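Dear colleague,

I am handing over the structure we talked about, and below it you will find my notes on what turned up when I went through it. Please read them with the structure open beside you.

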Amino acid sequence: MPNASPKPANAAALRRPPLAEAFRAALGPLLTVSPALLFAWWHPAQNAWAALALGIALALDAAARLTVRLAQGRTGVDAEFRGVASPLLMLGNAVWLGGLLVALGAWLRPDLFPLLASALAGLVAMGACARLSLARAVIALDAAERAAAQEKARGR
């Protein structure tokens with residue numbers, strides 16, 4: 001796997017205090033869901049379902065990121081997406097940027113908020129599914145490698 005390595009790619013990231021890392025990780029989804037909640041409160045008949053979809057997608061993304069971290073802790077393999085040239089994962093850890101773009105577009109054209117928020121929710125959910133798939137692959141490969149090592153040890 002080109003993006004997976006047993007050594008951490010950025011040693012400085014490992015030295016960050018856990019509270020600062022948690023705050024940085026929570027800031028993006030908060031900046032993304034805040035305008036959605038504001039638009040849902042402003043015009044609930046038009047915007048509530050799109051804001052709900054975006055909120056659910058962000059919750060799925062948070063669960064996927066947690067699963068990737070658990071898989072990383074279990075296997076020791078860094079399973080984060082880095083440098084992936086894909087429109088699906090272009091937001092990566094900057095999902096807040098997409099949220100701000102949706103908020104700006106919806107501020108200019110409020111009638112387009114449901115379309116913009118739904119599109120962002122789809123991108124975030126697909127990225128979360130890709131993260132979950134990568135975590136599953138890393139765990140499956142690690143289990144296969146361990147089983148092969150045990151078989152090899154039994155054969156000797």
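Are R131 and D61 buried or exposed? Both R131 and D61 are buried, and they are a good place to begin, although please keep in mind throughout that this is a predicted model.

Salt bridges

The structure holds five salt bridges, and one of them joins R131 to D61, with the closest N and O atoms 3.4 Å apart. Because R131 lies in helix α5 (residues 113-155) and D61 lies in helix α3, this pair ties together parts that are 70 residues apart in sequence. D61 also meets the side chain of R65 in a salt bridge, at 2.8 Å from N to O, and here both partners belong to helix α3 (residues 44-75), where they sit four residues apart, or about one turn of the helix. The relative accessibility of D61 is 5%, so this residue counts as buried, while R65, at 22%, counts as partly exposed. Taken together, D61, R65 and R131 are linked in a network of salt bridges.

Another salt bridge is formed by R154 and E151, whose closest N and O atoms are 3.0 Å apart. Both of these residues lie in helix α5, three residues apart, which is about one turn of the helix. R154 has a relative accessible area of 60% and is therefore exposed.

Aromatic rings

A pair of aromatic rings is described by the distance of the centres and the angle of the planes. The count comes to two aromatic pairs. In one of them, F39 and W42 are arranged edge-to-face, with 6.1 Å from centre to centre and 80 degrees between the planes, and both residues lie in helix α2, three residues apart. F39 is buried, since its relative accessible area is 10%. The rings of F39 and F113 have centres 4.8 Å apart and planes at 10 degrees, so this pair is stacked. The stacked pair links distant parts of the chain, as F39 is in helix α2 and F113 is in helix α5, 74 residues away. F113 is buried too, with a relative accessible area of 1%. F39, W42 and F113 form one aromatic cluster.

Surface

W42 appears again on the surface, where L38, W41 and W42 make a nonpolar patch of about 440 Å². L38, one of these residues, is found in helix α2 (residues 18-42).

With best wishes

Key: Residues numbered from 1 in each chain as written. Heavy atoms only, no water. Patch = residues over 30% accessible without salt bridge, like charges linked within 9 Å, V, L, I, M, F, W, Y side chains within 5 Å. Areas by Shrake-Rupley, 256 points an atom, 1.4 Å probe, with all protein chains shown as cover. Salt bridge = Lys/Arg side-chain N within 4 Å of Asp/Glu carboxyl O. Helix = DSSP H or I, 4+ residues; strand = E, 2+ residues; numbered from the N terminus. Buried < 20%, exposed > 50% of the residue type's maximum accessible area, 1.4 Å probe, protein only. Phe/Tyr/Trp six-rings, centres within 6.5 Å; stacked < 30°, edge-to-face > 60°.
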